[in-house]
Amino acid sequence: MSKGYVVAVVGATGVVGKEMIETLQERKFPVAKLIPLASERSAGSTIDFKGNTIDVDVLNDESFIGVDFALFSAGGSISEKYAPLAVKSGAVVIDNTSHFRMDNDVPLIVPEVNGDAIKGHKGIIANPNCSTAQMVLLLKPIYDAVGIERIVVSTYQSVSGAGKDAIQELESQSRANLSGSDYQGNVFKSPIAFNVIPQIDVFLDNGYTKEEMKMIQETQKILRDDTIRITATAVRVPVFVGHSESINIQTKEYLSADDARKLFEAAPGVSVLDSPLEQEYPTPRQVAGEDNVFVGRIRNDLSIRNGIELWCVGDNLKKGAALNAVQIAEFLVQSRVTA
Ligand code: A2P
């Protein structure tokens, strides 16, 4: 066996799982053995990794024997059942589902923002919601510089965030509609082709959706400040990859748009694309496939004294999911090495 770690990917045939495997390869994470895991539906299928063809195994209670890192992205109920088993077997779990994110015992990590919170983990580390991950990269430098009073965010989220069936639904429905026929989808209640849907995840008693509440609670947890007031509206748009967000940040002290731009230029994982006169600003088509989160349309809010208004786009499968998960694994490896 070559030097490195045994890495299991749960949900290896899904959109995020596949991206995790590609990211491990791309970033040369020291993988001695890869164990791709999925449901019985995928029995007999294979994946390619570093020039080898590897069989996908059906997830079971014994799947984690000898595993060092287990990356989960197969839905909350799978994480609920199997993550504790993986930890029992001695693996560190990096969980992309929302199941453990708000547990006090589980660090919720974006390495550039709160990597230090990983210390003392008890075997499970949570990867934030895709929209939260890209937003906190931008909030962190502002929070450190001038403090944050309140955030108003509206998202424009791509269908890949809802998995492979959602991608297929947008494609088939678009083709059908363009050729004049109907296509009844089963992922989205409303048609997603040529439409926008102001609902992601289920509605809660307070009128917000679960996705919106995730953004609120996870942001407060990652920035370690539950006094920040946040309101969110999460919207699904007919885009394949890349989440966009319009973010309004009310700061504690005044920050000019120019100074905000400088903070973003120095922030890890962030690229500034903000030349309105040249009509340059990030769009999902441009940002899909990129590791960094892009920010543009940076301006002072005319309606309040201390306000910054901006537009942010990130690849939801990368920083919003797979890349952040692999960065967490890298962070753990590096901190063990330097410990
Ligand atoms: P499978 O392809 O065998 O259904 P996506 O989010 O893109 O829809 O992908 C979901 C991932 O989670 C897939 O890899 C899927 O495997 C996996 N998955 C779903 N249900 C289970 C299950 N009961 N056990 C193991 N893996 C599962």
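**Exercise 1. Decide whether Arg285 is buried or exposed in this predicted model, and place it in the chain.**

Solution. Step 1: the relative accessibility of Arg285 is 81%. Step 2: the cut-off for exposed is over 50%, so Arg285 counts as exposed. Step 3: Arg285 belongs to helix H8, residues 284-287. Step 4: Val313 is 28 residues away from Arg285 in sequence, and their C-alpha atoms are 9.8 Å apart in space.

**Exercise 2. State whether Thr132 is buried or exposed, and list its contacts beyond its neighbours in sequence.**

Solution. Step 1: Thr132 sits in helix H4, which covers residues 130-146. Step 2: its relative accessible area is 0%; buried means under 20%, so Thr132 is buried. Step 3: once neighbours within four places in sequence are set aside, Thr132 touches Lys214, Met215, Glu218, Thr219 and Ile222.

**Exercise 3. Give the strand order of the open sheet of 6 strands, and find which strands stand at its edges.**

Solution. Step 1: the order is S5-S2-S1-S6-S7-S8, and the pairing is parallel. Step 2: strand S5 (57-58) and strand S8 (124-126) each have a single partner strand, so one side of each has no neighbour in the sheet; these are the edge strands. Step 3: S5 pairs with strand S2 (residues 31-38) over 2 bridges, in the parallel sense. Step 4: within that pairing, Ala38 has Val58 in S5 as its bridge partner.

**Exercise 4. Describe how helices H1 and H2 lie on the sheet.**

Solution. Step 1: helix H1 (residues 15-26) lies across strand S1 (5-10), S2 and strand S6 (69-72), and runs at about 160° to S1. Step 2: helix H2 (residues 76-88) also packs on the sheet, where it touches S1, S6, strand S7 (92-95) and S8. Step 3: the direction of H2 makes about 175° with that of S6.

**Exercise 5. Check the length of H2 against the expected span, then locate its bend and its buried residues.**

Solution. Step 1: H2 has 13 residues, and at 1.5 Å a residue it should span 18 Å. Step 2: the end C-alpha atoms of H2 are 18 Å apart, which agrees. Step 3: H2 bends by about 35° at Tyr82, with the proline Pro84 following within four residues. Step 4: Tyr82 is also one of the buried residues of H2, together with Ser79, Ala83 and Ala86. Step 5: these buried residues pack against S6, S7 and S8. Step 6: just after H2, Gly90 has a positive phi of about 100°.

**Exercise 6. Find where Lys28 and Arg224 lie, and state the sign of phi in each.**

Solution. Step 1: most residues other than glycine have a negative phi. Step 2: Lys28, in the loop between H1 and S2, has a positive phi near 55°. Step 3: Lys28 is exposed, at a relative accessible area of 71%. Step 4: Arg224 has a positive phi near 55° and lies in the loop between helix H6 (210-222) and strand S10 (229-236).

**Exercise 7. Give the bounds of the two domains, the separation of their centres and the residues in their contact.**

Solution. Step 1: the domain assignment gives domain 1 as 5-128 + 321-335 and domain 2 as 132-316. Step 2: the centres of domain 1 and domain 2, taken over C-alpha atoms, are 25 Å apart. Step 3: domain 1 contributes 19 residues to the contact and domain 2 contributes 20 residues.

Conventions
Residues are numbered from 1 along each chain as its sequence is written. This is a predicted model: local features need pLDDT of at least 70, side-chain atom pairs count only at pLDDT 80 or more; totals for chains, interfaces and linings use all residues. Side-chain values use heavy atoms; hydrogens and water are left out. Buried means under 20% relative accessible area, exposed over 50%, partly exposed in between (1.4 Å probe, protein chains only). Contact means heavy atoms within 4.5 Å. Two strands pair if DSSP finds at least two bridges between them. Axes are lines fitted to C-alpha atoms, for helices over the stretch in contact, and angles run from 0 to 180 degrees between N-to-C directions. The expected span of a helix is 1.5 Å times one less than its number of residues. The bend at a residue is the angle between axes fitted to the seven residues ending there and the seven starting there. Domain bounds come from an automatic or database domain assignment.
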